[in-house]
Amino acid sequence: MKNLKLLALLLLVPMYIACSSDDDSTTTTEEEAEFSLIGTWTAETIDFDSTITTVIEGLPVTATQEGEGFDIDATVTFSEDPNEVSSEGQFSMTVTTTFLGVSEEETLENLDLLGDGTWSLEDNTLTITSTADDQDAVITIELLSEDMLRLRIEQTEILDTPVGSGEVDAIFVATFSR
């Protein structure tokens, strides 16, 4: 299904990441947040949700996707001076697409988590610039403590296909430990 191929592309392109803390007592200053972020984080959970809205021959059509990672063997390492980020390993994901009341499940294997690049942190926004394509990713940090990190990526892509146009609104959440 074309929508599942789009999901695979969304997971392989640089992700957009913005940082926010649910608990202000966990991280009180930007300097402390950067210090807490430094190090190697092991991916524990990876979840994906999206809504795909298209217009085909003038009619709106909506599909939803839910994905859950498995066989997760990936790490992300943040270093400072210079601020660099690198990821290693891969994961697989089971994705369920529901379209017109019919659900279809597909397994995507050997997906990359994040690429390599440089990072910066301002307030609660983490920006990663990929070394592969010089594209920025903005990620939300939902949780940052000494041993837990939860990243949330929200992305909207415009679709323009031979059969119609539309939009994909996707949310990708990954939880890490160290």
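This passage describes strand pairing, unusual backbone angles, two buried side chains and a salt-bridge network in a predicted model.

The structure is a predicted model in which local features need pLDDT of at least 70 and side-chain atom pairs count only at pLDDT 80 or more, whereas totals for chains, interfaces and linings use all residues. Residues are numbered from 1 along each chain as its sequence is written, and side-chain values use heavy atoms, with hydrogens and water left out.

Strand pairing is described first. Helices (H or I, at least four residues) and strands (E, at least two) are taken as DSSP runs and numbered from the N terminus. Two strands are said to pair if DSSP finds at least two bridges between them. Strand β1, residues 39–56, runs antiparallel to β2 and is joined to β2 by 14 bridges. One of the bridge positions is I56, whose partner in β2 is L59. The hairpin of β1 and β2 has two residues between the strands, and in this hairpin E57 takes a positive phi near 50 degrees. Strand β2 also pairs with β3, again in the antiparallel sense, over 15 bridges. Within this second pairing, T64 stands opposite T98 in β3. The hairpin of β2 and β3 has four residues between the strands.

The loop between β2 and β3 (84–99) contains P82, and D81 is placed in this loop as well. The peptide bond from D81 to P82 is cis, with omega near 5 degrees. Phi of D81 is near 50 degrees, which is a positive value in a residue other than glycine. Most residues other than glycine have a negative phi, and most peptide bonds are trans. Accessibility is given in three classes: buried means under 20% relative accessible area, exposed means over 50%, and partly exposed covers the values in between (1.4 Å probe, protein chains only). D81 has a relative accessible area of 71% and is therefore exposed.

A positive phi is also found at N110, where the angle is near 55 degrees. N110 lies in strand β4, which covers residues 102–112. Its relative accessibility is 53%, so N110 counts as exposed.

Two residues with polar side chain atoms in contact were examined in strands β2 and β5. A polar contact is a pair of N or O atoms within 3.5 Å; within protein, one must be able to donate a hydrogen and the other to accept it, and residues adjacent in sequence count only if both atoms are side-chain atoms. Q65 is found in strand β2, residues 59–79. With 2% relative accessibility, Q65 counts as buried. The side chain of Q65 makes a polar contact with the side chain of T97 at 3.1 Å.

W119 belongs to strand β5, residues 117–122, and is buried, with a relative accessible area of 4%. A polar atom of the W119 side chain lies 2.9 Å from the backbone oxygen of S79. The backbone oxygen of E84 lies 3.3 Å from a polar atom of the W119 side chain. W119 and D136 are 17 residues apart in sequence, and their C-alpha atoms are 9.2 Å apart in space.

The last feature concerns charged side chains. A salt bridge is defined as a side-chain nitrogen of Lys or Arg within 4 Å of a carboxyl oxygen of Asp or Glu. By this rule the model has three salt bridges. E142 and R150 meet through their side chains in one of them, with an N to O distance of 2.9 Å. R152 also meets E142 in a salt bridge, at 3.3 Å from N to O. R152 lies in strand β8 (residues 148–161) and E142 in strand β7 (residues 136–144), so this pair ties together parts that are 10 residues apart in sequence. R152 forms a salt bridge with E154 too, and the closest N and O atoms of that pair are 2.8 Å apart. E142, R150, R152 and E154 are thus linked in a network of salt bridges.

The members of this network include residues of two accessibility classes. E142 has 15% relative accessibility and counts as buried. R150 is partly exposed, with a relative accessible area of 24%, and R152 is partly exposed at 22%.
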